[in-house]
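Welcome! Below are some worked exercises to help you find your way around a structure that is new to you. Keep the sequence and the 3D view open as you go.

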Amino acid sequence: MTAVGLDHLGKVFDDGTVAVNDLSLDIADGELVVLLGPSGCGKSTVLRLVAGLEAPTTGHVRFGGQIVDRLPTRDRNVAMVFQHYALYPHLTVAQNIGFPLRSAPGVAELVANAAARLGLTDVLDRRPAQLSGGERQLVAMARALVRQPRVFLLDEPLAHLDAGLRAELRGEVAATARRVGVTTLYVTHDQAEALSVADRVAVLRDGVLQQVGTPAEVYDDPATVFVAAFLGTPRANLFEGAVYPVDGRVAVDLGSQVLMLPAGDARTAALLRHERVTIGLRPDALRATVPAPADGASLHGQVRHVENHGFEGIVHLDAGGLPTPPAHTMIETADPAHLAGLLADPPDPEPRRGVIGRLLPRTEPPRRYGLYPAYEPPADARDIGDGDLVLRIPAAGGLPRPGESLTVAVDPARLLLFDSTGARIR
Ligand SMILES: Nc1ncnc2c1ncn2[C@@H]1O[C@H](COP(=O)(O)OP(=O)(O)OP(=O)(O)O)[C@@H](O)[C@H]1O
């Protein structure tokens with residue numbers, strides 16, 4: 001078994017595509033790390049670099065402290081399982097699992113062990129056509145593990161299965177990798193799958209590592225607005241806001257209502273260096289409450305609609321918030337010159353003009369704050385996102401009805417604030 005190190009790893013393809021950008025990550029011996037990110041963020045390329053199927057443009061891959069950049073794939077002793085595994089249709093399950101071992105001594109026992117680990121003992125004599133999709137995927141895993149690889153690489157192993165089976169198998173896949181104790185890199189674009197199987201999750205975007213941490217760390221303590229937005233269902237509520245001091249406390253102004261942070265909030269000084277922030281509130285950081293909490297950390301709104309999930313309702317509230325445009329979460333660093341250029345000559349004039357305008361640092365004299373919107377909401381804000389405040393309410397206490405007014409207590413400790421570059425303000 002082997003710890004895997006990625007040192008400033010970079011991959012630029014011949015056509016100039018930067019697939020992986022200065023990625024450093026240490027995966028401990030026996031650890032299961034999930035690479036998570038949207039399509040095209042470079043997850044598969046990282047796996048191929050670890051497997052030796054691609055050569056890095058910059059940086060190194062280490063196995064157990066040794067640089068393996070020049071080691072061919074066959075000598076790395078890695079096992080890979082892809083979404084589209086290919087089993088031999090004319091061979092039995094046992095023969096498929098034992099195939100990589102050819103006629104090595106003790107094949108039968110190794111096959112029996114691998115099959116037992118994955119619960120395939122009863123189907124060893126069947127052919128692939130006689131198996132369910134999930135069982136076929138487990139056979140592909142057993143075949144990969146039978147050689148006792150140093151490193152196990154899984155690329156969207158469950159992506160082709162239906163949702164129910166996927167949820168069932170992800171537990172099994174993670175349990176197997178742990179039982180075998182093999183260092184595993186697991187690629188997925190499904191955040192729920194990532195949170196449920198990983199020891200640690202590494203969130204990638206455009207080839208750049210955004211954050212790496214335990215599922216609880218990346219969910220509760222996101223480093224960037226991208227990580228906050230990418231993890232969690234329902235998605236985190238993201239709003240535009242302005243910040244200013246009121247009697248030594250910080251007011252976070254959503255344009256139509258104000259959230260007051262508690263006196264002595266550790267973020268006060270850092271927040272007052274910013275004018276505009278993105279506010280992130282996870283649906284589970286909100287609680288419908290009567291009456292309003294005395295400390296002022298609450299929002300009000302009118303119920304727009306309720307998704308009844310039986311045990312709980314997902315409640316959409318019109319709280320007058322200004323949704324963060326998707327473009328905001330896509331701009332890594334607001335470069336004033338670049339933005340000013342775009343503003344002068346926008347590729348698609350509306351709604352980009354409004355979005356870009358609000359990202360530009362302001363140079364004119366101080367504007368009025370208070371219950372005025374601290375910035376001009378673009379006329380088409382509703383078209384960019386619906387701006388609803390979404391929260392979960394347990395069904396046991398009765399669900400509200402559309403049109404009802406609701407007061408929502410905000411847990412200030414779970415109020416996530418991001419600057420205009422998308423970085424977290426702590
Ligand atoms: N051989 C190649 N030549 C040029 N560009 C490539 C090549 N392989 C991948 N890319 C590009 O590199 C980027 C990262 O691709 P990669 O397949 O690693 O992403 P991914 O996160 O695994 O995406 P998906 O989830 O869609 O598979 C993409 O922009 C892709 O188009």
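**Exercise 1. Find which residues of α1 are buried, and see what follows this helix.**

Step 1. The buried residues of α1 are Lys-43, Ser-44, Thr-45, Val-46, Leu-47, Leu-49 and Val-50. Here, buried means that 20 or more other C-beta atoms lie within 10 Å of the residue's own, exposed means 12 or fewer, and partly exposed is in between, with C-beta atoms placed from the backbone.

Step 2. Helix α1 spans residues 43-51, and with 7 of its 9 residues buried it is mostly covered. Helices (H or I, at least four residues) and strands (E, at least two) are DSSP runs, numbered from the N terminus.

Step 3. After α1 comes Gly-52, which has a positive phi near 90°.

Before going on, two notes on the model. Residue numbers start from 1 along each chain, as its sequence is written. The model is predicted: local features need pLDDT of at least 70 and side-chain atom pairs count only at pLDDT 80 or more, while totals for chains, interfaces and linings use all residues.

**Exercise 2. Describe the surroundings of the ligand.**

Step 1. There are 13 residues around the ligand, and Phe-13, Ala-19, Ser-39, Ser-44 and Thr-45 come nearest. A residue is near a molecule or strand if its C-beta atom, placed from the backbone, lies within 6 Å of it.

Step 2. Helix α1 gives the largest share of this shell, 3 residues. Ser-44 and Thr-45 already appeared among the buried residues of α1.

Step 3. By type, the shell has 3 nonpolar, 8 polar and 2 charged residues. Ala, Val, Leu, Ile, Met, Phe, Trp, Tyr, Cys and Pro count as nonpolar, Asp, Glu, Lys and Arg as charged, and the others, Gly among them, as polar.

**Exercise 3. Follow the pairing of β1, β4 and β5, then of β6 and β7.**

Step 1. Strand β1 (residues 4-12) pairs with strand β4 (residues 58-63) in the antiparallel sense over 5 bridges. Two strands pair if DSSP finds at least two bridges between them. Val-4 has Phe-63 as its bridge partner in β4.

Step 2. β4 is also joined to strand β5 (residues 66-67), by 2 bridges in an antiparallel run. Arg-62 has its bridge partner in β5, Ile-67. The hairpin of β4 and β5 has 2 residues between the strands, and Gly-64 takes a positive phi near 55° there.

Step 3. Strand β6 (residues 78-82) is mostly covered, with 4 of its 5 residues buried. It runs parallel to strand β7 (residues 151-155), with 5 bridges between them. Val-78 has Val-151 as its bridge partner in β7.

**Exercise 4. Which strands stand at the edges of the sheet that contains β11 and β14?**

Step 1. This open sheet has 5 strands in the order β13-β12-β11-β14-β20, with antiparallel pairing.

Step 2. The edges are β13 (258-260) and β20 (416-418); each has a single partner strand, so one side of each is left without a neighbour in the sheet. Neighbouring strands here are turned by 35° against each other on average, direction ignored. For such angles, axes are lines fitted to C-alpha atoms, for helices over the stretch in contact, and angles run from 0 to 180 degrees between N-to-C directions.

Step 3. Inside the sheet, β11 (residues 237-246) and β14 (residues 276-281) pair over 6 bridges. Phe-239 stands opposite Ile-279 in β14.

**Exercise 5. Work out the order of the sheet that contains β16, and name its edges.**

Step 1. The order is β15-β19-β16-β17-β18, an open sheet of 5 strands with antiparallel pairing.

Step 2. β15 (286-288) and β18 (389-394) are the edge strands, each pairing on one side only. The average turn between neighbouring strands is 45°, direction ignored.

Step 3. β16 (residues 298-308) and β19 (residues 405-410) are joined by 5 bridges, and Ser-298 stands opposite Ala-409 in β19.

**Exercise 6. Is Asp-125 buried or exposed?**

Step 1. Look in the loop between α3 (107-117) and α4, where Asp-125 is found.

Step 2. Asp-125 is exposed, because 10 other C-beta atoms lie within 10 Å.
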